[in-house]
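Open the model in your viewer and keep the sequence panel in sight. The tour goes from one selection to the next and says what is found at each stop.

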Amino acid sequence: MAESSLVYRIPDASWVLELPGEGVRTLLSHAQRRWWSTEAAGQLYSAAPGKDAVRVDAVTKLPARAASRTGLRLDIPAVAKEREAFFREGLHCLGFWHTHPEPTPCPSPDDIALAADHARAGRAAFTGLVFVIVGTAAAPGGIGVWVHDGTTLWRALPQAEAGISPSMALLS
Ligand SMILES: [Zn+2]
């Protein structure tokens, strides 16, 4: 199924996060839609994070490490190894994604702590740590996006779907 790209805006931030249709499709392909589905997690990369817009150019899936239905455990050596390999190809890590077995996902206390730890650790490299949670509902509701700036975890809201910008709608 073709998915539209999504643009997320962070309150008070000068930049937007662009999630192309291919990235939306990849994320939703890991949704925990069955009772036996276990949690999946991966990282998000951008080839050229801009000042105004940061586009997600690659969505990876990390090797599962004792994945369960509820509970994110990251294999930190695998996280670092993947980042180094992508960095050599010119791709910068933006943050993480993982799945939740709920329609509209919401970060758990452990998620918030993990996002804060990684945002502080990568402060020099990041404008903010992008933290995506994939629920079981269709896009955009099923894809929750947050950005941790080292202090606060901000909810980013989907702005518009590509191809139906307000100016185009007025012209048609
Ligand atoms: Zn979680």
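Contact here means heavy atoms within 4.5 Å. The model is a predicted one.

**The whole chain**

Begin with the protein chain coloured by secondary structure, which comes to four helices and nine strands. Followed along the sequence, the elements run β-β-α-β-β-β-α-β-α-β-β-β-α. The chain has 172 residues, and 41% of them count as buried. Now consider contacts between residues at least 6 apart in sequence: 66% of these join residues at least 24 apart.

**The zinc ion**

Select the zinc ion next and show the residues around it. Which protein atoms are its donors? They are NE2 of His98, NE2 of His100 and two OD atoms of Asp111, at 2.0 to 2.6 Å from the ion. Along the sequence, these donor residues follow the spacing H-x1-H-x10-D. Why is the arrangement irregular? The angles that the four donor atoms subtend around the zinc ion run from 55 to 152 degrees, whereas a tetrahedral set would need all angles between 85 and 135 degrees. Both histidine donors, His98 and His100, are buried.

**Around His100**

Stay at the site and centre the view on His100, which sits in the loop between β6 and α3. His100 has a relative accessible area of 9%, so it counts as buried. Set aside the neighbours within four places in sequence and display what remains in contact with His100: Gln32, Glu39, Pro105, Cys106, Pro107, Ser108, Asp111, Ile133, Val134, Gly135 and Thr136. One of these partners, Asp111, is also a donor of the zinc ion.

Pick Glu39 from that group. Glu39 belongs to the loop between α1 and β3 and is buried, at 8% relative accessibility. From Glu39 to His100 the C-alpha distance is 6.6 Å, although 61 residues separate them in sequence. For another distance from His100, select Ala41: here the C-alpha atoms are 10.0 Å apart, with a separation of 59 residues along the chain.

**Helix α1**

Move to residues 21-29, which form helix α1, and colour Gly21, Gly23, Val24, Leu27 and Leu28, its buried residues. Looking down the helix axis, you will find these buried residues within an arc of 160 degrees, so they line one face of α1. On the face turned away from the buried side, select Glu22 and Ser29, which are exposed.

What covers the buried residues of α1? The cover includes the strands β1 (6-9), β2 (16-19), β5 (58-59), β6 (92-99), β7 (129-134) and β8 (143-148).

**The aromatic pair**

Over the whole structure, a search finds one aromatic pair. Select Tyr45 and Phe86 to see it: the rings are stacked, 4.2 Å centre to centre, with 15 degrees between their planes. The pair links distant parts of the chain, since Tyr45 is in strand β3 (residues 41-46) and Phe86 is in helix α2 (residues 76-88), 41 residues apart. Are the two partners buried or partly exposed? Tyr45 is buried, with a relative accessible area of 0%, while Phe86 is partly exposed at 22%.

**The salt bridge**

Side chains of opposite charge can pair when their charged atoms come close. The count for this structure is one salt bridge. Show the side chains of Arg55 and Asp57, which meet in a salt bridge with an N to O distance of 2.6 Å. Asp57 is partly exposed, with 33% relative accessible area, and Arg55 is partly exposed as well, with 42%.

**Two last stops**

Select Ala116 in helix α3 (residues 109-121). Ala116 counts as buried, at 8% relative accessibility. Add Thr151 to the selection: the C-alpha atoms of Ala116 and Thr151 lie 7.2 Å apart, and the two residues are 35 apart in sequence.

Finish with Pro140, in the loop between β7 and β8. Is the peptide bond from Ala139 to Pro140 cis or trans? The bond is cis, with omega near 0 degrees.

Key
Residues numbered from 1 in each chain as written. Predicted model: local features only at pLDDT ≥ 70, side-chain atom pairs only at ≥ 80, totals over all residues. Heavy atoms only, no water. Donors = N, O, S within 2.8 Å, 3.2 Å for Na, K, Ca; no water. Tetrahedral: all angles 85-135°; square planar, octahedral: opposite > 155°, others 65-115°. Buried < 20%, exposed > 50% of the residue type's maximum accessible area, 1.4 Å probe, protein only. Helix = DSSP H or I, 4+ residues; strand = E, 2+ residues; numbered from the N terminus. Arc of directions from axis to C-beta. Phe/Tyr/Trp six-rings, centres within 6.5 Å; stacked < 30°, edge-to-face > 60°. Salt bridge = Lys/Arg side-chain N within 4 Å of Asp/Glu carboxyl O.
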